[in-house]
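Biologist: Could you take a close look at one part of this protein for me, the packing of its nonpolar interior, and then place it among the other parts? A connected walk through it would be lovely.

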Amino acid sequence: MSHTDICAHTPLWQDFIRNCQQLVTPVDPYLISGTLTRVAGLVMEAVGLKLAVGTSCLVLLPNGNNVTAEVVGFSGERLFLMPSSDVYGLAPGAKVIPLEYLGNMPHVGVAQHPRRRAADRTKHIQVGQALLGRVLNGVGEPLDRGGILNCDHSVPLYSRPFNPLERAPIEETLDVGVRAINTLLSVGRGQRMGLFAGSGVGKSVLLGMMARYTSADVIVVALIGERGREVKEFIENILGSAGLQRSVVIAAPADTSPLMRLQGAAYATAVAEYFRNEGKHVLLIMDSLTRFAMAQREIALAIGEPPATKGYPPSVFARLPQLVERAGNGRLGSGSITAFYTILTENDDPNDPIADNARAILDGHIVLSRQLAESGHYPAIDIEASISRVMPSIVTSQQLERAQRFKGLYARYRQNRDLINVGAYIPGSDLQLDKAIKLYPDMESFLQQGMFEAAHSTDSISQFMRLAL
């Protein structure tokens with residue numbers, strides 16, 4: 001042992017070191033920050049930082065408050081950030097601080113370990129059984145005044161792509177409690193379906209029926225970009241207290257920022273993935289996929305991405321399959337996510353770019369008809385325009401054959417409806433049309449169902465088989 005080591009361990013040296021430590025004044029750790037240089041519409045620009053896309057930051061306001069933002073792009077030395085709330089009060093030169101660098105700083109108010117740099121830069125969210133029965137916003141903050149969340153687990157907000165060869169096949173039918181769907185558009189556990197509808201044709205009512213009557217362990221409802229008034233109405237009048245007990249509701253209404261709407265959809269999907277990995281059968285209802293696409297369009301156009309198809313930039317059509325492909329069956333032995341995404345068809349145009357793209361990436365589509373809704377036919381499902389792509393592999397050949405005959409007779413009548421109504425059709429000219437005319441009242445009655453009427457799969461199929469097709 002050297003002379004220096006011996007001296008350092010003597011009582012005199014130890015007392016001297018303790019006295020020096022007491023004289024040292026603790027200081028805040030060095031804080032890396034950038035500077036806000038520009039705010040234009042929805043986008044903020046900052047310099048002085050080099051951060052990855054997706055990094056969360058705080059922008060400090062002169063009054064001591066702060067605005068949460070996320071890096072959505074960059075150009076040279078400039079970072080483009082999108083706020084999760086309004087930008088009132090921001091001033092030139094405001095500090096921009098990455099959340100991963102924040103420590104126990106009283107002037108910032110974020111409690112994390114000083115200068116903690118996460119090895120995994122992916123955002124994580126808290127999940128667990130405590131989420132059931134709760135109503136949250138797009139970043140997981142409670143909206144229902146039910147107290148703080150006490151969750152034991154965390155998962156990434158954006159999961160990695162799923163190996164399609166490891167995904168369990170869809171082999172089991174799912175009872176959704178709607179007669180027309182259970183028999184003519186049978187849905188399988190793990191299927192992703194689109195609900196295509198214009199405004200005011202009963203979309204929310206049909207979603208509520210499926211939320212109440214579907215045989216699922218957990219229901220995750222994502223209300224993305226819809227009217228704020230509809231959130232409370234959906235929970236109280238459509239979902240009900242019994243349905244809420246097995247549900248998690250994530251609401252990011254139209255008045256929230258586009259970043260919050262994007263995160264709300266990703267948050268709901270991550271919660272559904274957690275319960276699926278726990279072995280649960282999950283029903284994911286997202287209203288709507290169109291509002292998700294519009295939020296991505298707002299962000300992309302704001303940072304300068306050129307529009308491509310009817311004002312939608314290419315990144316919109318890249319984000320849609322990334323979100324949808326996270327649903328579905330998990331690995332063999334795990335649970336499933338059966339997802340229903342609503343797609344708003346602008347001006348009832350089925351060739352709207354979002355509707356057209358969604359139709360290509362989903363496992364089927366249910367089309368709601370304005371004409372049927374205006375005639376008092378609910379649910380206003382257009383059987384002719386709707387299809388379930390997995391139905392042939394999950395139902396019996398007898399049910400599939402009868403479903404095809406039903407659709408054929410139903411379509412034959414509707415194609416000749418005007419001739420029949422004006423008396424221009426002569427009975428006996430077409431034997432199939434004669435049969436369709438005779439059966440049409442029974443078929444129309446079969447397709448209609450009350451909002452609070454549950455039509456479970458066994459009863460629906462029995463009634464379907466009794467039709468004289």
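Modeller: Happy to; I will begin with the core and then move outward to the domains, a helix, the barrel and one loop residue. Please keep in mind that this is a predicted model.

In soluble globular proteins, nonpolar side chains tend to be buried together. Here the largest nonpolar core has 62 residues, and the members that touch the most others are Ile 181, Ile 381 and Phe 406. Helix α14, residues 431-447, supplies the largest share of this core, with seven residues. At least three residues come from each of domain 2 (124-394) and domain 3 (399-466). Take Ile 181 as a way in: setting aside residues up to four places away in sequence, Ile 181 touches Val 176, Ser 186, Val 187, Met 210, Ile 366 and Ile 381. A second core, separate from that one, holds 57 residues, and Leu 131, Leu 136, Val 271 and Leu 362 are among them.

Now for the wider layout. The chain is divided into domain 1 (34-98), domain 2 (124-394) and domain 3 (399-466). Between the centres of domain 1 and domain 3, taken over C-alpha atoms, there are 59 Å.

Helix α7 gives us a small geometry check. Its 14 residues, 289-302, should span 20 Å at 1.5 Å a residue, and the end C-alpha atoms are 20 Å apart, so the two values agree. The buried residues of α7 include Leu 289, Phe 292, Met 294 and Ile 299, and Thr 290 and Gln 296 are buried as well. Just after α7 comes Gly 304, with a positive phi of about 100°.

Next, the barrel. Six strands close into it in the order β1-β2-β5-β4-β3-β6, with antiparallel pairing. On average, neighbouring strands of this sheet are turned by 45° against each other, direction ignored. For one pair in detail, β4 (residues 66-75) and β5 (residues 78-83) run antiparallel over six bridges. Within that pair, Gly 73 has Phe 80 of β5 as its bridge partner.

Finally, a loop residue. Gln 129 sits in the loop between β7 (124-127) and β8 (134-136). Its relative accessible area is 46%, so Gln 129 counts as partly exposed, a class that lies between 20% and 50%. Beyond neighbours within four places in sequence, Gln 129 is in contact with Phe 275 and Lys 280. Thr 173 is 44 residues from Gln 129 along the chain, and their C-alpha atoms are separated by 26 Å.

Key. Residues numbered from 1 in each chain as written. Predicted model: local features only at pLDDT ≥ 70, side-chain atom pairs only at ≥ 80, totals over all residues. Heavy atoms only, no water. Helix = DSSP H or I, 4+ residues; strand = E, 2+ residues; numbered from the N terminus. Buried < 20%, exposed > 50% of the residue type's maximum accessible area, 1.4 Å probe, protein only. Contact = heavy atoms within 4.5 Å. Pairing = 2+ DSSP bridges. Axes fitted to C-alpha atoms, helices over the stretch in contact; angles between N-to-C directions. Expected span 1.5 Å × (residues − 1). Domains from an automatic or database assignment. Core = buried A, V, L, I, M, F, W, Y, C linked by side-chain atoms within 4.5 Å.
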